[in-house]
Amino acid sequence: MANSKESLDQYFNENLFGYLNNTLDADERESFERHLRGNGLARSELAWYQELKSEMHENFERISPDVGLKRSLQKVRGEPQPLIATITQWLAKLLNAMATPQHVAAAGALVVIQGAIIAGLVATWRAEMPEEQAGASMTRSLATASYATAVLRVKFKPNAKLQDIGSLLTKLDGSIVEGPGQGGYYLIIIASGRLIDAAEKLRLSNVADEVVLIPPNTKQNGR
Amino acid sequence: MENKEVFELLERIAKREEPAFREVHLAFGRRVYAFALSRLQNSVEAEEVVADTMYEIWKHPSRFRGESSFSTWLLGIARHKILNVLRSRSPEHAEIDEEANQVASDALDGFGALVEKQKREILLHCINELPAEQRECLYLVLFEEMPLLEIARLQNCPLNTVKTRLMYARGKMKACVSRCMMEG
């Protein structure tokens, strides 16, 4: 009896959500409906999930389509422009200014101002960058990240606590430079350069699931 | 939005076109928000997850290669951001204890007689009481109508684990609804 109740419950479990989402074929659907006809409790349960589904959709409709947009745009606009783009823009402006002789003086002033801005930008980046990263001469391309120094690609355990990760990274002289991506991976730079030692300690720790050493200038496609 | 259309927008994002980014955000932002909210139960944190997730698209638009639907891929990124938020929190509230899973079916019979508002309040309360992974499974299957195999990929676990999570989730939902009915 218990077995039969269990198998009925398993049958219900296997098909309930398929039925709700219309992914059962005609035969499966008919068989599931037969099961429902003889089981009041199963019918009630199905009704709750239909109810819950409607509630979720109604709640969703109440969410503004631009939720989080302001913050996203702040991040996008707040990111430092790549140096190459700044120089290109500066050259374009300079050439435009040089096109007419009467603007040569203005262009000269522009050179000074732009030069100061670029120097300021570089100085700001340096100042904002942790000392160890600045020392590691990190370079990144726009579309795919790659690093001039070897890095560790780490996936942390889902239940790892931020505090534990932080304290281990401090001990290893490491800092997260990117992540997490779609696969949940982080890229970590070890300022002391002792990557193999750090990788081993991370592997033995209870916070990391996967640790891979990435050679310099390797593109991190999609990880 | 079809993947083809998404790819076109991503190409424009790669050229740093903000309107394309805005379009993707408006198309997918609230799905990410709803997913994050279902897991975090906190609107400020959920909004931050949306911003962080969308910013990943801005930084690495070429990382989406169409191996799944764009929304599934995006929810995968969001899930890791959510885990980050959860990591920084204290341990989650205790799960409903196993004894409470004994379902009093007599109490459940009366569910149909409740008014709509009461029913929904009970159901929302009960889904929020579920352990995080089970709640996430139930959310993805009910709202996103995601196939179980895709949920398994997203949760990085075997298909059977997803089935088990859903079975436990159902058991706990029954127990919770029953308890709420008895408590009136």
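B:Cys137 sits at 0% relative accessible area, so this cysteine is buried. That value, like everything else here, comes from a predicted model. A cysteine tucked away like this invites a look for a partner, and the place to start is the disulfide count. The structure holds 1 disulfide over all chains. The bond runs between B:Cys126 and B:Cys176, with the two sulfurs 2.2 Å apart. B:Cys126 belongs to helix α6 (residues 116–129) of chain B and B:Cys176 to helix α9 (residues 159–183) of chain B, so the bond ties together parts that lie 50 residues apart in sequence. What about its handedness? The torsion about the S-S bond of B:Cys126 and B:Cys176 is about -80°, which makes the disulfide left-handed. Both ends are out of reach of the probe: B:Cys126 has 0% relative accessibility and counts as buried, and B:Cys176 is likewise buried at 0%.

B:Cys137, by contrast, is in no disulfide. Its nearest cysteine sulfur belongs to B:Cys157 and is 6.5 Å away. Why is there no bond between B:Cys157 and B:Cys137? The gap of 6.5 Å between the sulfurs is simply too far, because a disulfide calls for sulfur atoms within 2.5 Å. B:Cys157 is buried too, with a relative accessible area of 15%.

Aromatic rings come next. Over all chains the count comes to 15 aromatic pairs. In one of them, B:Phe7 and B:Phe64 are stacked, with 5.2 Å from centre to centre and 25° between the planes. B:Phe7 lies in helix α1 (residues 3–14) of chain B, while B:Phe64 is in the loop between α3 (43–59) and α4 (70–87) of that chain, so this pair links parts 57 residues apart in sequence. Are the two rings buried or exposed? B:Phe7 has 30% relative accessibility and counts as partly exposed, whereas B:Phe64, at 3%, counts as buried. The pair also belongs to a bigger picture: ring pairs link B:Phe7, B:Phe28, B:Phe64, B:Phe70 and B:Trp73 into a cluster.

Charged side chains turn up over rings as well. In chain B, B:Arg16 lies over the face of B:Trp58, 4.2 Å from the ring centre. B:Arg16 has a backbone quirk to go with that: its phi is near 65°, a positive value in a residue other than glycine. B:Arg16 is found in the loop between α1 and α2 (18–40) of chain B, and at 27% relative accessibility B:Arg16 counts as partly exposed. In chain A, A:Lys155 lies over the face of A:Tyr185, at 5.4 Å from the ring centre.

Chain A has its own case of positive phi. A:Asp173 is not a glycine, yet its phi is about 65°. The residue is in the loop between α8 (162–172) and β2 (174–178) of chain A. With 36% relative accessibility, A:Asp173 counts as partly exposed.

As for the overall make-up of this chain, there are 9 helices and 4 strands in chain A. Along the sequence they follow the pattern α-α-α-α-α-α-α-β-α-β-β-α-β. Chain A has 223 residues, and 37% of them are buried. Among the contacts in chain A with a separation of 6 or more, 61% are between residues 24 or more positions apart.

Finally, the two chains meet. The contact takes 61 residues from chain A and 60 residues from chain B. Between them, chain A and chain B bury about 5,900 Å², and 59% of that area is on carbon and sulfur atoms. Charge plays its part here too: the interface of chain A and chain B has 14 salt bridges across it. One salt bridge joins the side chains of A:Glu51 and B:Arg120, at 3.3 Å from N to O. A:Arg77, in helix α4 (residues 69–78) of chain A, also reaches chain B, touching B:Glu18 and B:Arg22. Buried or exposed, then, for A:Arg77? The relative accessible area of A:Arg77 is 52%, so this arginine is exposed.

Definitions and conventions
Residues are numbered from 1 along each chain as its sequence is written. Chains are lettered from A and ligands numbered from 1 in the order in which they are written. This is a predicted model: local features need pLDDT of at least 70, side-chain atom pairs count only at pLDDT 80 or more; totals for chains, interfaces and linings use all residues. Side-chain values use heavy atoms; hydrogens and water are left out. Helices (H or I, at least four residues) and strands (E, at least two) are DSSP runs, numbered from the N terminus. Buried means under 20% relative accessible area, exposed over 50%, partly exposed in between (1.4 Å probe, protein chains only). Contact means heavy atoms within 4.5 Å. Rings of Phe, Tyr and Trp (its six-membered ring) pair if their centres lie within 6.5 Å; planes under 30 degrees apart count as stacked, over 60 as edge-to-face and the rest as tilted. A charge sits over a ring if NZ of Lys or CZ of Arg is within 6 Å of the ring centre and within 35 degrees of the ring normal. Buried area is the accessible area (1.4 Å probe) that two parts lose on being put together, summed over both. A salt bridge is a side-chain nitrogen of Lys or Arg within 4 Å of a carboxyl oxygen of Asp or Glu. Lists of a residue's contacts leave out its neighbours within four places in sequence.
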